[in-house]
Structures are given as structure tokens and as C-alpha cells.
Amino acid sequence: MKKIGVLTSGGDAPGMNACIRAIVRTGIYYGLKVYGVMDGYNGLIKNKFIPMGSSSVSNIIQRGGTILKTARSKEFFTKQGRQKAYENIIKHGLDGLVVIGGNGTFTGADVFINEFDFPIIGAPGTIDNDLYGTDLTIGYDTAINTVVEAVDKIRDTADSHDRLFFIEVMGRDAGFIALRSGIAVGAEDILVPETVTYIDELIEILERGFRKNKKSGIIIVAEGDDAGGAFDVARKVKEKFDYLETRVTILGHIQRGGSPSAYDRIIASTMGYAAVKALLEGRRGEMVGIINKDVAFTPFEKAIKHHKDIKRELLEMARVLSS
Ligand code: F6P
């Protein structure tokens, strides 16, 4: 193996830059030439390869976003697109590739490997933490800290005005961000896509709290919850609770930005280093992850197909602790 490439794909996540840095520096240390590919898989198709030296990744470990930019490439999901990508890979003489991203990224990588028998290793980068084969994904820790910081501020004003706030956090298909941030802010309840939301149950929880003299409250709603987004849930609660003042906050893309936490920098560096070493050892078609604090590899096929579930008992714990 003499030349490798690195790209970021899917939604960006704080810590992706730390991972790029680790991949570039590890590659160079072991005598490889490293190319950065811009704009995710689109850059493979459009031939956007840039040679990366050690200094090209200086001063990025602390920066959010991704210096390589990212995209959700539609073209890579066509046979023609992948063919163009392969031709450009061959043109640059790459022997391997590290892709940093989420489920869609690894699905694309898996198809590509099956078609062209080309070595690819994945590193999990998504704030959603919804990938099987790793306890944590790059960006998740920073995202929940961002949520906690924002909700603490909302709690101040909720308390001053005796208001009930419905706060929507990211998580189209998964409730990891909602669950952990909800516990950390002491939310009255946490609504996630993994469980059925019963508005009556939520109202019961709130009524119990108000009987105990609670005057304000925080409900965390994952964007993919089955009862709808935070606006829908707030409307349904308000129908039965019309004397209460309610407000809704959608935290949105603030959750995807910002300087990565120490923990994200550490796991991103560890995964980037391990990904390059894996390519050098002849591994391919696997996602590097961290399980029980150790580096672990999971075949793309398994990482894509298996569902990582939230710890449902923590939802009950959160209710008990906020009662
Ligand atoms: O995949 C991460 C994620 O942040 C999801 O939680 C969210 O639903 C989605 O990306 C939004 O992405 P975009 O705004 O890029 O379409």
C-alpha cells in the first residue's frame, strides 16, 4: 500500500477534522502518500483529489465541521457514478480509502467494494450515535454537550416565567441525543423514536409534577418521535392543559457545529489512527469502532444492517429522577 485517500460524507460532525488529521499523519508516518477527497463521494466522481502533507492538517484538531467538506452524494448511488469514482481512484493510483461518515456512507462503501474489490475502511462520524459496532460515534459527545448548554439556558427562563418548554433535538431515526441530553438536563420526560409516545402518559407525568408544586418543565423531543415534532407534541399537550404557558424551541443545526469535546477529539484520533493501520494490515470492508473502550472492527454489512438500540431502561430512570 503506497497511496491512500480520505473523505468525509453525510452530515458533518464535530471531531471529523481530528479524524482527518489522524489519518493524514498516520499515513505519512508509515510512508504513505495521502490524498484528501473533497465533497464526500462527489469528489471521487468529480476528481477533486488534493495531496495532503502533515502541515495541511495543522491547527484543525479543535475545529468543528470538516475541512474536506461533505455531501450526501446521489450520484454515488448510481452504477455510472461509482464507475467514474473508480476510474479517478485508479488515475491517482490509490490503494485504499478511509471514509468518515454514517450509515449512508458505509452503505455506499459496501456496494463499491463488492463491485470493484477496492479496500475501504470506515470511521463512524455522526452526531446521532446510531451505528452498530461502536459505543460512540464521532460528534455525539459534543452534540449532547451543546444541547445541555442550550437547555440549561432555557431552564432559566422557563423557571422565571413558570413555563413548560418542548425542546426538539436532532435524531431522525434514533433517540440517543435526546436520551442522554435529557438525563443530563433533568428533563421531565424524553420522547424518542424507539418507543411509542402516549400523550396521556406524558400529561400524567406533568400533572404529577405540578401537584408536587413544580411550576416549569422541560420535555425533550427527538425530531423523529412518532408523536410528531416538538410543535405537534406541545399542541397536543396544550389541548388538555390550556391553563399552562407552553413554548417550543427547535435546537436544529447548532447541534452539528462547534469545537469538538476532548472526548470526541480522542475517539476521532484513535479511530483515524486505527483505520490507517487496518488498511496497512490488509483489512477492508470494515468500520472501526470503540467497544468497551477498545478499538473493534465490524464488517460494513453488519454495521449497516444491525440496529443499535438505546438503553430503554434509562427512559424510566429519567422519569424517576425528575419526579
Ligand atoms: O445525520 C445527522 C443528522 O444531524 C440527523 O440527526 C438530522 O436529522 C439530519 O442530520 C439533518 O441533516 P441535514 O440538515 O443535513 O439534512
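Reader: Where is T246 found in this structure?

Author: Helices (H or I, at least four residues) and strands (E, at least two) are DSSP runs, numbered from the N terminus. T246 lies in strand β9 (residues 246-250). The model is predicted: local features need pLDDT of at least 70, side-chain atom pairs count only at pLDDT 80 or more, and totals for chains, interfaces and linings use all residues. Residues are numbered from 1 along each chain as its sequence is written, and side-chain values use heavy atoms, with hydrogens and water left out.

Reader: Is T246 buried or exposed, and why?

Author: Buried means under 20% relative accessible area, exposed over 50%, and partly exposed in between (1.4 Å probe, protein chains only). T246 counts as buried because its relative accessibility is 17%.

Reader: Which residues does T246 touch?

Author: Contact means heavy atoms within 4.5 Å. Not counting residues up to four places away in sequence, T246 touches L164, F166 and K238.

Reader: How should a salt bridge be read, and how many are there?

Author: Side chains of opposite charge can pair when their charged atoms come close. The rule requires a side-chain nitrogen of Lys or Arg within 4 Å of a carboxyl oxygen of Asp or Glu. By this rule there are 20 salt bridges. One of them joins D200 and K240 (2.7 Å, N to O). This pair links distant parts of the chain, with D200 in helix α7 (residues 199-211) and K240 in helix α8 (residues 230-240), 40 residues apart. D200 is partly exposed at 49% relative accessible area, whereas K240 is exposed at 52%.

Reader: Which residues are linked in a network of salt bridges?

Author: K46, E75 and K84 are linked in such a network.
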